[in-house]
Each structure stands twice: as C-alpha cells, then as structure tokens.
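Hi everyone, thanks for having me. I'd like to walk you through a structure today, one piece at a time. Let's put it up on the screen.

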Amino acid sequence: MKTSIPVEERMSAGHLACQGCGATMSMRYALKGLGEKTVFVIPACCWTVLAGPAPKSALDLPVLHSPFASAAATATGVKAGLTARGDRETTVVAWAGDGGTFDIGLQALSGAADRNEDIIYVCYDNEAYMNTGVQRSGGTPEGAWTMSTPGKAGSARPKKDLDAIVLAHHPAYFATATPAYAEDMTRKFAKARTIKGFRFLRILSPCPPGWKTDPKDSAKVSRLAVQTGLFRLYEVENGRMRLNMPVANRKPVGEYLRLQGRFKGLSAEAEAAIQASVDKIWNEGKS
Amino acid sequence: MKKVLMGNHAAALAAKLARVQVAVGYPITPQTQAYEMLAEMKAKGEFPGEFIAAESEHSVMAAILGAATAGARTFTATSSQGLAYMHELLHWVAGSRLPAVMVDVNRALAAPWNLWTDQSDSLSQRDTGWMQFYCSTNQEVLDTVLMSYKIAERVMLPAMVVLDGFTLSHSYEPVDVPEQSEVDAFLPPYKPEVVLDYKNPVGFGALVGPKEYLRLRRRMAADMAEAESVIEEVGREFGAAFGRRYGQLDAYRCADARTILVTSGAVGSTARAAVDALREQGLKAGNLRMRSFRPFPAKALREFVRPGMRLAVVDRNYSPGAGGIWAQEIKAALYPRSRASVHGYVAGLGGGDITVELLQEVWKRVDSANASVPVAETWVEDAR
C-alpha cells in the first residue's frame, strides 16, 4: 500500500507505554511529520515516563522535562534561547496531556498563544489524568467514569471547549488529529513545521486503561470518534476553518461509546443527549 | 562612568553589561522598574538579547529554564509574591544545574498586603539550591550581578542577588558604571558543556531512581561548598579589575570589638553609622555584614569569631515557630565550639525603619547581657 507517511522512525519500540497507547501512536506520526530538527518540552504527563528513565530514551531527539504547569512557558524560553544563540531553524514543540493543557497549564498556554510564540503546542488529549490513574480533567467528557467521578453517572460536566479557548487567541495554525488517521496527522505536523508563530494541535488520544477499552481497539475507537462526528478533524489557518474529514453518513454515537467501559453507566437519555449535541454541531456547520 | 542610579536601574544595567542573551520579566512592586528598563532598552536597540514579557512569574522562571537549557545567559528580577510563585521552578532550575541569575527586591509576603522591605520572601527560598547574595548599596547591586554570572557559571548553580525594596530599589545613589570593554574582560561569554540541540538527542530532567538522585544531590552539595571559595576568588578578581573587592563577609571596625552588630542588606549601611556613634561614646562596637546566605559562609564565620564575642543578630525576617533566620543559621554554623554567644533581634518587619538609634540600643542591650543566657527572639520596634 502506498502511503505519504515518511518511513524514517524517530521513536524506538522500547518505550514504557501500555498496549494500544494512543499517545505513542501519536508521537510516532508527529515525529515523522516534524523531522529531525526538533526539540521537545514535556511537562508532567504520561510521556514523562513513556520515553523511559535516564539515561535511556525511546526518542531520537532531545527532551527537556518541565513542571506540570509550564510546558508553553518553558518552550517559549527554549525558542528564545535558541534564537539568542543564532539557531532559527530548530522547531520547538511543547507536548502535553489534557491535564497539563486544559487545567494546570492553561495560563502558560494562553500567555504563549497571546504572545504568538514561535512554537508548536501539542495536547494529546486522553480525556483524564491517566498517568496518575484516571482522574477527571477539564478534558473529560460528560458521563465518563473516572476515579474522581465514581458512580454510574460519571463526570457531571461537559468537556471544556479548549479549541474555542485556543482559537480565541488567533493562533497562526490550529488543527485536530487522531491516530487512526495517520496520514492526516503526519501531514498536519509537517505543515505546522513550516508555519511561523503559535501553532496548536489537539490530538484525541485513546487510552485503553483509562477508557476501559481493549488495546487492540485503539485505532478503531479513534476512527469511530471521527465517524460518529464526536471528534471533528479540522484545521484553522488565518481564521479560516477547513473540515478535513466531512462525514456524510455519521454513525450513531453509541458505536463509539459502547466500545468503552468508561461510558458503561451512561443512561439511554444521556446517550440521546450526546447524539443531539453532536447533531446540533454538525447541522450548524451546514448552515 | 559615575551615574546616579536607582537600585532597580543598577540591576537592569548590570544585566545589559553582562551581555544577557534572554531576559524575562513580569511586573511586581517594587521591582517593576528593572523590568520596564529592560523593555525600554530592548525597544531602543540597546539590549540585543531576547526579551520575553511573560504572563506570570511561574512562567518567567519556566522560560528561564528553557532558555538556559538552550545555552543562553539569562536574567530576571522579581519580588515577594512573585518569588513565592516561582518556588517550584526555583528548585527545578537549581536541580538542572543552570547558572541563571535573578535579582530579588526584598518585600514582605502577604497576608496582610505589605509593599515594603522584609527578607521573608528571599529567605523562604533558602532550600531551593539558589545562591543568595545580599547588597547594601546600589553600587554593590551592579557589582554583585556581574560577579554572580561568573560565580554561577563556574559552579553551575543559580544565583539570587537581593536588595532592599524601596530603601535601595527606589533610592538614587552614585554608581560607578564600568565600560562594556571592562566588563567583557572580567566576564567571558557563557560556554555551557551540554545544551538542548537536535544534533545531540539527550534528555534533561528525565526520571531517575533513588541512587542517581542522591548522587546528583551530593554533587550539588559539593559544588555549593566549593562556591564558598569561588565567591571569595571572584570577589578578589573583581577587586583587581574594578577596585572594589567583595567577600562572603564584610567586617567594619571589628578588630578590637567584643560585641558585634550582625546585619544583612541595606541595614549594613545604617549599622556602620551606629558603630561610629557607639565608638564616639568610647564603646568597642563593630559591624559584620553578611553578604552570602547560600552557601552559608560557615567557615568564614568560624574564622571571624573569637571566644567571648557577642553577636547581636538583627533579622528583618521571622520564621514562625523558630525565630530570626540569620540568627538560627549563625547559631548552627558556630555550634558547638566557637564560645561566642548569639543574640537574636527581630526588627523592621514589613518595612519598619531600623534606625541608627535602634541599632545602638540593640548593641547596648547585648553588650550588657548575660553572655551565658543569650537573648532569643527579641522583637524590637522603632520608637517613633
């Protein structure tokens, strides 16, 4: 099969991720798109651990580990430091989870976006604090079980609309991605690399232990998120939005939800409400 | 060239003279003028480095972490709540062994709100791994910033240069500003061994186990200890280059003194006046000004102290439940063999005046006290 994805690998198999980890699939494609001249800043998140303990690393590029709230600010400093030393070609990437982006890192993210820092900020959104054992974050969808939202009803609040928050800062480039659409994801990283200014990508990143899915279903659940219309693949450049994967015949959201144990307690009414909210967003997009 | 400068401006000017490559800032009283001056120098093209106006002090120090790891010489200035907000990153930068230099303008910590000088902000960062140097004049602020880069880059530990809020930050004093060429001769460019570079894919700050963690902390302890002699060495080099010599301690009329006023920061200048006044009364007074707090100059202090000496330690800070912080540290350094007595006085919290009269009173109380029963934690106030 022919593919546009570069064959070079910048991540080795010897990482410490769980089976079926969406964050490692995402990292692999991201690195293929970003290329060699890249440095990473990683705050507290699963990836703090996944690359492996010192002195080993599964990543073939330098990583600066930063405190939880500081990914965007640390990347800002890295870019300034490189520029001061005459290096204007290295791509600086902040790579954070949803906790480090939607919640504790939001202030630093807003600051860097507001200053239009010349960095790429990536949020791999697995919709809860997975590294600490599945607690609710601002990225957790309504109705999802977590250890801090126990019981049948799950999380009581809808997922924070981070995309809208980031877009309100007028970023140079914005995109969503999910690993089932590997070519789309790799292309977006390759494109982001060529743009100057603040660039942001949010990746919906399946997490088998946190979503209570079978590791073999990670690509499937990632694909269903798009096919049901729950997760939209799109890009925003110069304020113009482009839907990358228009879904003509959306599958019912139940196909996505029922694959995941975290939605086991979801009532029929709650599922209908989710379907209605998805339909509303897509119908708005049509007008 | 002699200029009349505020402490804040002396600090910003020193950063420029040190050829700082990345300066990061955020406004907070009473430091704001240092931040504004950097922004102005950047806008006028006088400061060629990168300038980042961050959205919080936490992000300021995170940006310093990033820039210094990328190999740049960095600078920032802060105060009080800002320094407290940086706390997490202070540990991170020191643990990363980055030679960042920061100016802290002393201001009391809330609550309640207070804007004036007090060492509770800087001293509460004592366990972060930053060196701390306390200045008594604006000349010393400029000089200490320049020396700090040299010291920090030699021992690979960050340094905090501390000056009193308003008393120094907003007071104009004559400052001898060296020529750029003179500073360049004293302070060579920063040449880090390892930097963040895609050609060398290594991890910075990655997870380690207990064995490696302990070994790294022991190396930090050894380098902190080495800093004691490096501070003296760089102080001598600075003296040779600029005619103003500095060390960890600064003793004034102590040769024949039995009772010594021990001070830090701008109180040092007042203490000299108090010592002169006491000497005029025929009393053998002296002043010891502590310039370094981290590393604590324990060795230098033990060499300074003679048996029977009484140290009247004036603390413009207080650790609830433990007492004045300099007094505690001095006692720990002198234990158990010095045969000197240490008497603690807490004064001037939240910017209260520490006057020549107040210091004379403290000195007299200690000079006539029972040396075997040292005064602990006496709170004194300006009588006015």
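Let's begin with chain B, which is divided into domain 1, residues 2-189 plus 209-242, and domain 2, residues 249-380. Please keep in mind that this is a predicted model. Taken over C-alpha atoms, the centres of domain 1 and domain 2 of chain B are 26 Å apart.

How many residues does each domain of chain B bring to the contact? Domain 1 brings 27 and domain 2 brings 20. On the domain 1 side, α6 (120-123), β6 (131-134), β7 (159-164) and α9 (210-242) of chain B each supply at least two residues. The largest share comes from α9(B), with five residues. By class, that side of domain 1 has 14 nonpolar, nine polar and four charged residues.

Now for the inside. The largest nonpolar core has 204 residues, and those touching the most other members are Ala94(A), Val122(A), Val145(B), Leu261(B), Val262(B), Ala312(B) and Val314(B). Helix α7 of chain B, residues 138-155, gives the most to this core, nine residues. The core also draws at least three residues from each of domain 1 and domain 2 of chain B.

Let's stop at Val314(B) for a moment. Setting aside neighbours within four places in sequence, Val314(B) is in contact with a list of residues including Leu261(B), Val262(B), Tyr345(B), Ile354(B) and Val362(B).

Next, a lovely textbook pattern. In a regular strand, side chains alternate between the two faces of the sheet. Which residues of strand β3 of chain B, residues 50-53, are buried? Glu50(B) and Ile52(B) are, and they point to one face, while Phe51(B) and Ala53(B) point to the other and are not buried. Strand β2 of chain B, residues 22-25, pairs with β3(B) in the parallel sense over four bridges. Within that pairing, Val24(B) has Ile52(B) as its bridge partner. Add helix α2 of chain B, residues 32-43, and β2(B), α2(B) and β3(B) make a right-handed β-α-β unit.

Finally, let's look across to the other chain. Here 38 residues of chain B are in contact with 39 residues of chain A. On the chain B side, β3, α3 (57-69), α5 (87-95) and β9 (203-204) each supply at least two residues, and α3(B) gives the most, with ten. That side has 21 nonpolar, twelve polar and five charged residues.

Strands pair between the chains too: β2 of chain A, residues 63-65, and β9(B) run in the parallel sense over two bridges. There, Leu64(A) is bridged to Phe204(B).

Conventions. Residues numbered from 1 in each chain as written. Chains lettered and ligands numbered in written order. Predicted model: local features only at pLDDT ≥ 70, side-chain atom pairs only at ≥ 80, totals over all residues. Core = buried A, V, L, I, M, F, W, Y, C linked by C-beta atoms within 7 Å. Buried ≥ 20, exposed ≤ 12 C-beta atoms within 10 Å, placed from the backbone. Domains from an automatic or database assignment. Contact = placed C-beta atoms within 7 Å. Pairing = 2+ DSSP bridges. Right-handed = clockwise from strand over helix to strand, strands pointing away. Nonpolar A, V, L, I, M, F, W, Y, C, P; charged D, E, K, R; others polar.
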